[in-house]
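Work through the following exercises with the sequence and the model side by side, and try each task before reading its solution.

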Amino acid sequence: MDACARTLADDASLEPALRPASVSTLSRGQHDAQALRRAYHDPAIQLRFSPPDTFAAQLFALMETERYEALGANRYEGVGRNLDARRADESSIDNIDASLQRLAQALVQACRHAFRHRPPSRQAIMTPNELSLLEQSLTAQIPDLVSQLDNQMAFATIARQVAQSLASSTGCDAAHGVSTAGDVDEDNAEDTNDEALNPEDPPETDEGAASEKRDGQTEEALSETPGESEPTDKLPDQALDEAPSAGPDPMIVVSGDTQPYRAFTTDFDEVMMASDGASSADLQQWRTALDQHIEVHGRLVRRLASRLQRALLARQRRHWQFDLDEGVLDSARLSRLVTDPLMPLSFKAESDMAFRNTTITLLIDNSRSMLGRPIMIAAACADILARTLERCGVSVEILGFTTVHLHGGESTERWKQMGEPVNPGRLNDLRHIVYKSADTPYRLARRNLGLMLDRDILKQNIDGEALLWAHKRLMKRPEQRRILMTISDGAPVDTSTLGANAGDYLARHLQQVIDSIERTDQVELVAIGIGHDVSRFYEQAVSVFDARQLGPVMLNQLESLFRKAA
C-alpha cells in the first residue's frame with residue numbers, strides 16, 4: 001500500500017501511514033488521501049487564498065480537499081472506493097461548530113457529486129433555508145469549479161467566493177468574532193491615539209533645523225503609539241485574494257512554452273472616468289469615509305508630505321543664476337569693483353527648478369486583493385500626494401487598473417463561442433480608470449478618489465497592459481521629466497487568462513513591458529510592492545509589509561528622486 005501511495009503522489013519520500021495489522025479499506029483511503037494531497041495540492045496557494053473568517057476558511061478548505069481527491073478518484077476507480085470507505089470519519093467537519101456542521105456537510109456532498117460525476121455516498125439532510133443558501137452560493141459556480149479542477153489557483157479564486165458567500169449568509173462572521181477585511185468602520189475605531197488634523201490645513205512653513213527636529217520627534221512618537229503597532233495590519237495576516245508573500249511569487253508557474261502576448265479581443269475593454277463610475281451621492285459617501293480615514297490615520301503622512309514640500313521649495317530658493325546683466329544685485333561680488341573699477345555690476349536671479357517641469361503618474365492596483373485597508377491607505381496617500389505636489393507646481397495623474405469582470409467576461413464568452421482555441425491570450429475585459437488627469441486641479445478631482453472604496457470596482461489585475469496604458473499617457477505630456485510610480489500588492493493575476501494559457505503568461509508580459517520602459521530611459525519607473533517583493537520585476541523597487549508604511553515610503557521615494565535630480 002505504501003508503494004502505491006508513493007506512486008500516486010509521485011513522491012518517494014512519502015512516509016508510511018500508521019495502520020492496524022490488518023490493512024483495511026479505511027486505512028487505504030487515508031493513505032490515498034495523503035498521496036493525493038501531496039500530488040495535487042499546493043499549501044502556499046491555499047494559504048494565499050484562504051478567507052480571513054473562520055467558518056469561511058473551513059468551507060474553503062473542505063472544497064479544496066474535494067478538488068484534489070476528485071482528481072484521484074476520477075482517474076483511479078479503486079482510489080475512489082477507498083476514499084468513500086474512509087468517509088465514515090469526517091474529522092474535518094467535526095471540527096466545525098455544531099450549529100454549522102449540517103451546512104458544511106451539504107457543501108461537501110454537493111461538491112463531491114459535481115466533481116466526481118456520480119452520486120455521493122450519502123445525502124445530507126438540510127432545512128429549506130440551508131438548501132436555499134447552498135443553491136444561491138454554489139449552484140451558479142459549479143460549472144466554473146468543475147472546469148478548474150486541474151488549476152488550483154483558478155479553483156481557489158472561485159471557491160473563496162463561494163465560501164465567503166455562505167459564511168456571510170449564515171451570519172457567522174459576527175458569531176465568530178471575525179470582522180471582514182476592508183470594513184471602513186474598523187478604520188474609524190482604531191488608532192484613537194493619533195491627533196486628528198484637518199486635511200485641508202495649509203502647508204507648514206519652513207522653520208529651519210528646529211522644525212525638522214520637532215517633525216522627526218513627532219514622526220518617531222507617532223510610529224510608536226499603540227494604535228500604530230497593532231499586528232492586525234500586517235498584510236500577510238489579511239489572507240486577501242492573491243495575498244502575496246515576500247520573495248518569489250509561488251503562484252507563478254514558469255513554463256517554457258509561453259506564447260507571445262496578445263489579447264483575444266479588445267472590443268470589450270474600457271477606459272472609465274472615475275466620475276462616471278458611480279452616482280454623485282455614492283462618490284460623496286466614499287469621499288467622506290476617505291476623509292475620516294485621513295483624519296484618524298494620516299497625520300504621519302501629512303508630516304512627511306510637508307517635509308517633502310519644504311525640501312522642494314527650499315531647493316528652489318537655493319537655485320540661483322549668477323553673473324547676469326539684470327536681476328537682483330549680487331552683493332557677494334561687489335568686492336570686484338575695488339580691484340577692477342571697470343568691472344560691470346553683477347546680478348543674480350532665482351531660476352525655476354527641474355521639479356517645476358515634472359509630471360508624475362501614480363498607477364494603483366485596483367484588484368480584489370487590495371480590498372480593505374490596503375486600498376484605503378493607497379487612496380489616502382494618493383490624495384495627500386496630489387495635494388502636496390500641486391502646491392509645488394508638479395502635475396500629478398492618478399490612474400487605477402482592474403477588470404470589468406472577476407472571472408472572464410465578454411471576451412471569455414466569445415472565446416467559448418469560437419470553440420475555445422488554444423493559447424487564446426488575455427481573456428478578461430480590461431477596465432482602466434482615470435481618477436485624476438494631470439491637467440485637472442486637485443479640488444475638482446478629490447471626490448473621484450472615493451471610487452477606490454467601491455468594492456465592486458476591485459476585480460483582477462493585468463499589470464502589463466495597465467503599465468503600457470499609463471506609459472502611453474505619460475509620454476504625451478509636455479514636461480521634460482516624467483515619473484511613473486506603480487503600487488501593487490502582487491504579481492498579475494487573471495484566472496480566466498491563466499486557466500487557458502501558461503502559468504507565467506501575464507508575469508512574462510509584465511517583465512517585457514518593464515524592460516522596454518526602463519531601456520528607453522524616457523520615463524523614471526518606480527514600484528512599491530505592498531506585502532510583495534516587486535524587485536524581481538522592477539529595477540527601482542521597494543516593498544512594504546505593513547500597509548501603513550505606504551505613505552512614508554511613497555514620499556521618501558519621491559524626495560530621493562527629486563534630490564538626485566537637483
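**Exercise 1. Locate Glu420 and Asn423, and describe their backbone and their exposure.**

Solution. Glu420 sits in the loop that runs between helix 18 (410–417) and strand 7 (430–436), where helices (H or I, at least four residues) and strands (E, at least two) are DSSP runs numbered from the N terminus. Asn423 is found in that loop between helix 18 and strand 7 as well. Before going further, note that this is a predicted model, in which local features need pLDDT of at least 70 and side-chain atom pairs count only at pLDDT 80 or more, whereas totals for chains, interfaces and linings use all residues. Residues are numbered from 1 along each chain as its sequence is written, and side-chain values use heavy atoms, with hydrogens and water left out.

Next, take the backbone: phi of Glu420 is near 55°, a positive value in a residue other than glycine, and Asn423, also not a glycine, has a positive phi of about 50°. Most residues other than glycine have a negative phi.

Finally, take the exposure, for which buried means under 20% relative accessible area, exposed over 50%, and partly exposed in between (1.4 Å probe, protein chains only). Glu420 is partly exposed because its relative accessible area is 43%, and Asn423 counts as partly exposed at 34%.

**Exercise 2. Describe the surroundings of Met452.**

Solution. Start with the position, which is the loop between helix 19 (442–445) and helix 20 (463–475). The relative accessibility of Met452 is 0%, so this residue counts as buried. Leaving aside neighbours within four places in sequence, Met452 is in contact (heavy atoms within 4.5 Å) with Ile364, Ile375, Ala379, Ile398, Tyr435 and Leu458. A further step is to compare sequence with space: Met452 and Leu290 are 162 residues apart in sequence, and their C-alpha atoms are 9.5 Å apart.

**Exercise 3. How do helix 20 and helix 22 pack, and which residues make the contact?**

Solution. The axes of helix 20 and helix 22 (residues 505–520) come within 7 Å and cross at roughly 25°; axes are lines fitted to C-alpha atoms, for helices over the stretch in contact, and angles run from 0 to 180 degrees between N-to-C directions. Helix 20 is therefore roughly parallel to helix 22, given that angles under 35 degrees count as roughly parallel, over 145 as roughly antiparallel, 65 to 115 as roughly perpendicular and the rest as oblique. On the side of helix 20 the contact is made by Asp463, Gly464, Glu465, Leu467, Leu468 and His471, and on the side of helix 22 by His509, Leu510, Val513, Ile514 and Ile517.

**Exercise 4. What angle do helix 4 and helix 10 make, and how is it classed?**

Solution. Helix 4 (residues 54–75) and helix 10 (residues 152–170) pack with their axes 8 Å apart, at an angle of about 140°. This angle makes helix 4 oblique to helix 10. Among the residues that meet are Phe55, Leu59 and Met63 in helix 4 and Phe155, Ala159 and Val162 in helix 10.

**Exercise 5. Are Cys111 and Cys381 buried or exposed, and how many disulfides does the structure hold?**

Solution. Cys111 counts as buried at 1% relative accessibility, and Cys381 is buried with a relative accessible area of 4%. The structure holds zero disulfides, a disulfide being a pair of cysteine sulfur atoms within 2.5 Å.
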